[in-house]
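Trainee: I have not worked with this structure before. Please show it to me, and then I will ask about it piece by piece.

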Amino acid sequence: MPFKLVGEIGLKFFGKISASISHEIKNIMAIINENAGLIEDLTLMSEKGIPIDPERLKNISAKIIKQVARADTILKNMNKFAHSIDEPFGQIELGELISLVCGLSARFASMKGVNVEVNNIKTPIIIITNPFFMQTIIFRCINFTMDNCEKGKTVFITSKDNGNSATIAFGKLREFFESKENLNFPQKEEKILLNALKSEMILSLDTKELILNIPKDINK
Amino acid sequence: MQILLVDDEEELVSTIAERLSYRGIEADWATSGEEALKLVNNKKYDLAVLDIKMPKMGGLKLKKLINKKCPDMKFIFLTGHGSEEDFKEGTTEAGVDYYLVKPVKIEALMEKMKTILKQER
């Protein structure tokens, strides 16, 4: 396994997610900052004899609470993401991991004007893998599908248990992918990750999906 | 002075507009590049405050489109970058003359607006 290259790809992913989260937290801080400033403005105005409407204060307070909840969700995801590096191999529930990567990708999706819908099966799919690199390859698949999805701009992600393996399907890709040659994916970095994860990527021309095939236990 | 504020975070942009109004500055606001272009088509603004990163159309692209119709309009960019140093890299060539890093102090925003518009007179 080309450890140095896998490490570089992972570090790049970690940096990208951290930068995205810091941007989002900055936005949240900016909203809280303006609302705190607004309370200050209203207080100064009330000192000059202009009464404050209690409903107005309730409304500002609700906005601040909403932003704190938003930050809490983002930071919970970030914490899970950061701890995914703790162990080289770990037991994970695939649906949870997909949802986490979708949460981490939310800002990228919003920037691209794309919706991401996850349809996980109700039965948990437990796999043993490298959690961090699995997140990296899932993120890259989501990103590719976001850039190449059909009109309507929704990426659908479904997972499936196949006994000794599991699959994650990303769709639907645009019509122009008439052959695998047009796809230009996976590229070098994805191939290194796939190799490290003992996984494979298949383009399904019938369903217009990118399918990630992963072993249930990477050590077997 | 006629000000246009554009940021995809509605709660941010509407609150800044309200706070500016308490300071005697009337500002219109939009939450996307498309909305902003509609406003620019119907009203003449002296200055626009644009978020750099917005879905579909970012602040830099929006500036270019606005400039085609309003070449004299001035711009301040808002950024969520970690620091000014992070943001400075590579932005001067893109036409970013004035910017503020979020979260922004309303006094700093007003000061920058006044400085830019004073320079033009």
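Helix contacts and local features

Trainee: Which residues in H2(A) and H3(A) meet?
Mentor: Helices (H or I, at least four residues) and strands (E, at least two) are DSSP runs, numbered from the N terminus. Contact means heavy atoms within 4.5 Å. On the H2(A) side there are A:Asn77, A:Lys80 and A:Phe81, and they meet, in H3(A), A:Leu100, A:Gly103 and A:Leu104.

Trainee: How do the residues of the contact of H2(A) with H3(A) divide?
Mentor: Ala, Val, Leu, Ile, Met, Phe, Trp, Tyr, Cys and Pro count as nonpolar, Asp, Glu, Lys and Arg as charged, and the others, Gly among them, as polar. On that basis the contact of H2(A) with H3(A) has 3 nonpolar, 2 polar and 1 charged.

Trainee: What kind of model is this?
Mentor: Residues are numbered from 1 along each chain as its sequence is written, while chains are lettered from A and ligands numbered from 1 in the order in which they are written. Side-chain values use heavy atoms, with hydrogens and water left out; local features need pLDDT of at least 70, side-chain atom pairs count only at pLDDT 80 or more, and totals for chains, interfaces and linings use all residues, the model being predicted.

Trainee: Is H2(A) roughly parallel or oblique to H3(A)?
Mentor: Axes are lines fitted to C-alpha atoms, for helices over the stretch in contact, and angles run from 0 to 180 degrees between N-to-C directions. Angles under 35 degrees count as roughly parallel, over 145 as roughly antiparallel, 65 to 115 as roughly perpendicular and the rest as oblique. The axes of H2 (residues 54–83) and H3 (residues 94–112) of chain A come within 10 Å and cross at roughly 120 degrees. That crossing makes the pair oblique.

Trainee: At what angle do H3(A) and H4(A) pack?
Mentor: H4 of chain A covers residues 131–147. The axes of H3(A) and H4(A) are 10 Å apart, and the angle is about 35 degrees.

Trainee: Is the crossing of H3(A) and H4(A) left-handed or right-handed?
Mentor: A crossing is left-handed if the near helix is turned anticlockwise from the far one by less than a right angle, and right-handed if clockwise. The crossing of H3(A) and H4(A) is right-handed.

Trainee: Where are the buried residues of H3(B) around the axis?
Mentor: Buried means under 20% relative accessible area, exposed over 50%, partly exposed in between (1.4 Å probe, protein chains only). In H3 (residues 59–69) of chain B the buried residues are B:Gly59, B:Leu62, B:Lys63 and B:Ile66. Their arc, taken from the directions from the helix axis to the C-beta atoms, is only 105 degrees, so they lie on the same side of H3(B).

Trainee: Which residues are exposed on the other side of H3(B)?
Mentor: The buried residues of H3(B) are covered by elements of chain B including strand S1 (3–6) and helix H2 (33–42). Exposed on the other side are B:Lys64 and B:Lys68.

Trainee: What is omega at the cis peptide bond of A:Gly171 and A:Lys172?
Mentor: A:Lys172 is in the loop between strand S5 (165–171) and helix H5 (180–183) of chain A. The cis bond joining A:Gly171 to A:Lys172 has an omega of about -10 degrees.

Trainee: What is the relative accessible area of A:Lys198?
Mentor: A:Lys198 sits in the loop between helix H6 (188–196) and strand S6 (200–204) of chain A. Its phi is near 50 degrees, a positive value in a residue other than glycine. A:Lys198 is exposed, because its relative accessible area is 51%.
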